[in-house]
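Subject: Structure handover

Dear colleague,

I am passing on the structure below, together with some notes that I hope will be of use when you look through it. Please read them beside the coordinates.

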Amino acid sequence: MSGEEKKQRVHLRPLLAHGARHWKAYLLGVISLAAVDFINSLLLPCLIGIPFEQADKEHAGRALFAPFFRDLLGVGTNSTARVFLECGLLYVAINIVQMGLRYFWRYFFMGGAERIGFEVRAALFRKLQRLPVSWFDRAKTGDLMSRATSDIDYVKSAYGFGALMAFDSLCYLAMVPFSLFWISPKLAGLLCCALPLVTVLIYKLGGIVHRRSRVVQDVSGKLSARLQESFSGIRVVQSFAQEEREAERFEAVAREYVESQLSLARIQAVWGPSFEAIFEVAGAIILIVGGLDVVKGLLEPADFVRFIRGMDNLIWPMAAVGMLANSLQRGAAAHARLEEIHSETEDPAFLSDRVPAEAEVRGAVSVRSLTFSFPGATGKPLALEDVSFEAPAGALVAVVGPVGSGKSALLWLLARLYEPPAGKIFLDGRDILSIPIATLRRAVAIVPQETFLF
């Protein structure tokens with residue numbers, strides 16, 4: 001297994017971990033879903049076969065569970081027409097019950113996904129609030145917006161539609177094969193020959209979907225960043241007549257986004273037709289072999305009808321496995337992008353939040369031979385170089401200098417929006433790094449030169 005494939009598998013673990021906190025909702029959803037699948041996979045096929053058995057009373061009651069369901073549902077053994085009418089009415093009534101059950105599993109699965117989406121989004125916002133200001137100097141706002149919106153939507157989809165398909169497939173695969181083997185081991189064995197092809201298809205296409213989904217989401221972040229930068233700087237763009245240049249830059253990123261989406265769409269388009277082709281071929285073989293067995297008297301018509309109905313129920317979960325892999329891979333790729341932010345080191349200043357607040361600060365500031373450059377500013381001029389001054393408590397001090405001389409940088413360091421070097425800034429005789437951030441921030445008020453209206 002390659003390193004990339006191992007990495008993909010690891011991504012699924014944190015993706016699935018969130019659902020454990022909402023196990024009650026998913027349990028209720030699974031119960032409702034299992035009831036629906038039981039009706040579809042066992043009850044309805046037997047109900048459909050009962051009229052055919054009535055038409056051939058010599059073999060009535062030989063199919064799996066047919067006598068039990070006949071008694072349970074109260075279907076009589078009168079004329080064939082009467083039995084068809086009774087079974088038809090019961091079929092409608094049972095489907096009405098299914099409608100109610102489907103409401104519940106949709107509510108529990110999709111409701112659980114919405115709550116998880118809320119938690120993931122809130123956790124991301126809390127994490128962003130605690131990252132150092134220097135991290136935001138490198139990050140692009142548009143990319144962060146993309147992660148907080150579309151990426152979380154993909155994660156939410158994996159917990160909603162993805163979880164639904166996962167449990168639905170498990171329920172069907174636990175019920176349908178058993179009944180098919182009971183009806184006709186020969187036909188069930190032929191149908192199972194398609195399973196290895198399905199497994200290979202999922203394995204091969206799953207990794208490709210994961211990689212291309214990650215590319216799409218990365219490019220989506222670039223596109224959002226380009227939009228945000230263009231709109232934020234629209235005055236500059238129009239003042240210097242750069243509209244055409246900005247349009248070309250945006251079109252280049254938009255074209256890259258379209259190409260990545262088309263690349264993913266080409267793989268996703270293979271999922272459905274591939275599974276359908278496998279099972280259509282298997283279904284054709286079943287119809288030929290089963291039809292010949294009916295003609296030869298080796299298989300009863302009622303059993304053959306039940307088998308075809310059950311085979312339809314098996315085709316859906318196998319196709320759903322493919323869609324499930326697609327949804328999980330997209331959700332895993334999105335979750336990996338969110339985990340990149342959660343893995344970032346928080347501002348060291350916030351670690352002091354656990355320290356009890358101290359007495360009020362008097363405000364005597366001492367700066368001693370302070371030299372500072374912004375993180376990531378390698379090769380650029382220093383923001384501050386060998387700055388020293390004393391500001392007594394209660395004094396009114398003005399720091400003047402030309403644009404870019406470091407006045408704002410000095411204020412940011414006093415508030416520890418950026419971490420100053422140790423032993424350079426002192427407040428009331430103490431190194432500013434030794435003062436709990438809660439205490440320091442209460443004592444410092446900054447009016448930035450950039451206006452922002454909440």
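What follows goes through the enclosed and open spaces, then a surface patch and a loop residue, and finally the salt bridges.

Please keep in mind throughout that this is a predicted model.

To begin with the enclosed spaces, the structure holds two cavities of 30 Å³ or more, and the largest cavity contains about 80 Å³ of space. Ten residues, in figures 10, line the largest cavity, and those closest to its centre are S41, P45, S179, I183 and R306. Helices α2, α6 (141-183) and α11 (301-342) each give at least two residues to this lining, with α2 providing the largest share, namely four residues. Sorted by class, the lining of the largest cavity consists of six nonpolar residues, three polar residues and one charged residue.

Turning to the open spaces, the second largest pocket holds about 680 Å³ of space. Its lining is made up of 25 residues, of which V365, V397, L411, L414 and V444 are the closest to the centre of the pocket. Two or more lining residues come from each of β2 (384-391), α12 (407-414) and α13 (437-443), and the largest share, four residues, belongs to α12. By class, the lining of the second largest pocket has 21 nonpolar residues, two polar and two charged.

On the surface, W23, L27, L28 and I31 together make a nonpolar patch of about 410 Å², and W23 itself is placed in helix α2, which covers residues 23-55.

One loop residue may also be worth a look: I432 sits in the loop between β4 (430-431) and α13, and I432 counts as buried because its relative accessible area is 2%, under the 20% cut-off. Although 17 residues separate I432 from A415 in sequence, their C-alpha atoms are 9.1 Å apart in space.

As for charged contacts, the structure holds 20 salt bridges. In one of them, D153 pairs with R121, with 3.8 Å between the closest N and O atoms; this pair links distant parts of the chain, since D153 belongs to helix α6 and R121 to helix α4 (residues 80-129), 32 residues apart. Both partners have intermediate cover, D153 being partly exposed at a relative accessible area of 37% and R121 partly exposed at 34%.

In another salt bridge, the side chains of D293 and K186 meet at 3.4 Å, N to O. Because D293 lies in helix α10 (residues 243-296) and K186 in helix α7 (residues 185-192), this pair ties together parts that are 107 residues apart in sequence. The two partners are covered to unlike degrees: D293 is buried at 6% relative accessibility, whereas K186 is partly exposed at 48%.

There is also a salt bridge between the side chains of R245 and E246, at 3.7 Å from N to O. Here R245 is partly exposed, with a relative accessible area of 46%, while E246 counts as buried at 13% relative accessibility. Separately, D143, R147, D151, R214, D218, R337 and E340 are joined into one network by salt bridges that share partners.

With best regards

Technical notes
Residues numbered from 1 in each chain as written. Predicted model: local features only at pLDDT ≥ 70, side-chain atom pairs only at ≥ 80, totals over all residues. Heavy atoms only, no water. Patch = residues over 30% accessible without salt bridge, like charges linked within 9 Å, V, L, I, M, F, W, Y side chains within 5 Å. Areas by Shrake-Rupley, 256 points an atom, 1.4 Å probe, with all protein chains shown as cover. Salt bridge = Lys/Arg side-chain N within 4 Å of Asp/Glu carboxyl O. 1 Å grid on protein atoms, 1.4 Å probe; cavity = no way out; pocket = protein on both sides within 12 Å on 5 of 7 lines; lining within 4 Å. Points joined across faces, edges and corners; volume = space filled by probe spheres on them. Nonpolar A, V, L, I, M, F, W, Y, C, P; charged D, E, K, R; others polar. Buried < 20%, exposed > 50% of the residue type's maximum accessible area, 1.4 Å probe, protein only.
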